[in-house]
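Please open the model in your viewer and keep the sequence panel beside it. The tour moves from one selection to the next and says at each stop what is there.

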Amino acid sequence: MRRFGLAGYPVRHSLSPELFREAYDGKYPYDLIETSDFDEAWERFLDGYEAINVTMPFKTLAADRAAMLAEQAGKPYLIGPEVRATGAANILVKTPEGIVARNSDYLGVRKILSRIMDDWDSPAEVKIAVIGTGGAGRAAEAAASDCGAAVSTYHHNEISQGVRADIIIYTLPENVEGTDRLECRYLLEANYKNPCLTGHRNYIPGTEWLKAQAECGYELMTGEFAKSK
């Protein structure tokens, strides 16, 4: 039987299993591979799973391991360009050629940006501010750049005077000084567990990003289209 899962620590409260079951009507097992040891998670993936999602604290380690193996095999194309751009992978898929590494955080935010950027005549007209420089921030920055927008990136301590842009992507886990002075047409927040910017006009919640990246990611993992909700 085809098996899939999520590796990371902690993952027991993840929404991924529920989203996966909904996407495929529960026809595939989706397990939680909860361990703080990356080597253990990697071996469990190799031993029992066709593909897995990877979450913190393993995204960088997964990208590095998969890239090393791809280079040794002379198959660098197994590593998605978004993985090379962000240095992080949250999808590992076994294939006859080797292990493919991809980043659906990037794919999810790009999917959302492609939709909302239709409001402008040209992508080059769109100014996007990415707040936060962690894994989600790097994925958002890469996706926004690849969409053709003009992108600015801010650390948590650089927004105290506020930020103005057409689209703001907020990837910090909590409120910081200046979040009450964010001016934009659209605001996308990465945090879906404890969102802090829900009152903003044209707010796009983290659950939308989660669903978009899950849909893109699960299709990469299974080779089948996920059921849209």
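The stops below go from a sheet to a helix, then to aromatic rings, and end at one valine.

Before selecting anything, note that this is a predicted model, in which local features need pLDDT of at least 70 and side-chain atom pairs count only at pLDDT 80 or more, while totals for chains, interfaces and linings use all residues. Residues are numbered from 1 along each chain as its sequence is written, and side-chain values use heavy atoms, with hydrogens and water left out.

**The sheet**

Select the strands β1 to β5, which form an open sheet of 5 strands in the order β2-β1-β3-β4-β5, with mixed pairing. Strands are DSSP runs of E with at least two residues, and helices are runs of H or I with at least four, both numbered from the N terminus; two strands pair if DSSP finds at least two bridges between them. At the edges stand β2 (30-34) and β5 (98-102), each with a single partner strand, so one side of each is left without a neighbour in the sheet. From one strand to the next the twist averages 25°, where axes are lines fitted to C-alpha atoms, for helices over the stretch in contact, and angles run from 0 to 180 degrees between N-to-C directions.

Now zoom in on β1 (residues 4-8), which is joined to β2 by 5 bridges, the two strands running parallel. Within β1 and β2, look for G5, which stands opposite D31 in β2. Next add helix α7 (residues 206-222), which lies across β1, β2, β3 (51-54), β4 (91-95) and β5 and runs at about 20° to β4.

**Helix α6**

Select residues 135-146, the 12 residues of helix α6, which reaches 17 Å from its first C-alpha to its last, close to the 16 Å expected at 1.5 Å a residue (the expected span is 1.5 Å times one less than the number of residues). Colour G137, A139, A140, A142, A143 and A144, which are buried, meaning under 20% relative accessible area, with exposed meaning over 50% and partly exposed in between (1.4 Å probe, protein chains only). The cover over the buried residues of α6 includes α4 (81-86), α5 (104-116), β6 (127-131), β7 (150-154), β9 (167-170) and α7. After α6 comes G148, with a positive phi near 95°.

**Aromatic rings**

Show the side chains of F4, F20, Y24, Y28, Y30 and Y218, which form one aromatic cluster. Rings of Phe, Tyr and Trp (its six-membered ring) pair if their centres lie within 6.5 Å, and planes under 30 degrees apart count as stacked, over 60 as edge-to-face and the rest as tilted; by this rule there are 11 aromatic pairs. The ring centres of Y24 and Y28 are 6.0 Å apart and their planes are at 55°, so the pair is tilted. Y24 is buried at 4% relative accessible area, and Y28 is buried at 12%.

Stay on Y28 and add R2, which lies over the face of this ring at 5.0 Å from its centre; a charge sits over a ring if NZ of Lys or CZ of Arg is within 6 Å of the ring centre and within 35 degrees of the ring normal. The charged end of R3 sits over the ring of Y49, 4.5 Å from its centre.

**V130**

Finish at V130 in strand β6, which is buried at 0% relative accessibility. Leaving aside neighbours within four places in sequence, V130 is in contact (heavy atoms within 4.5 Å) with residues including G137, A140, V151 and I169.
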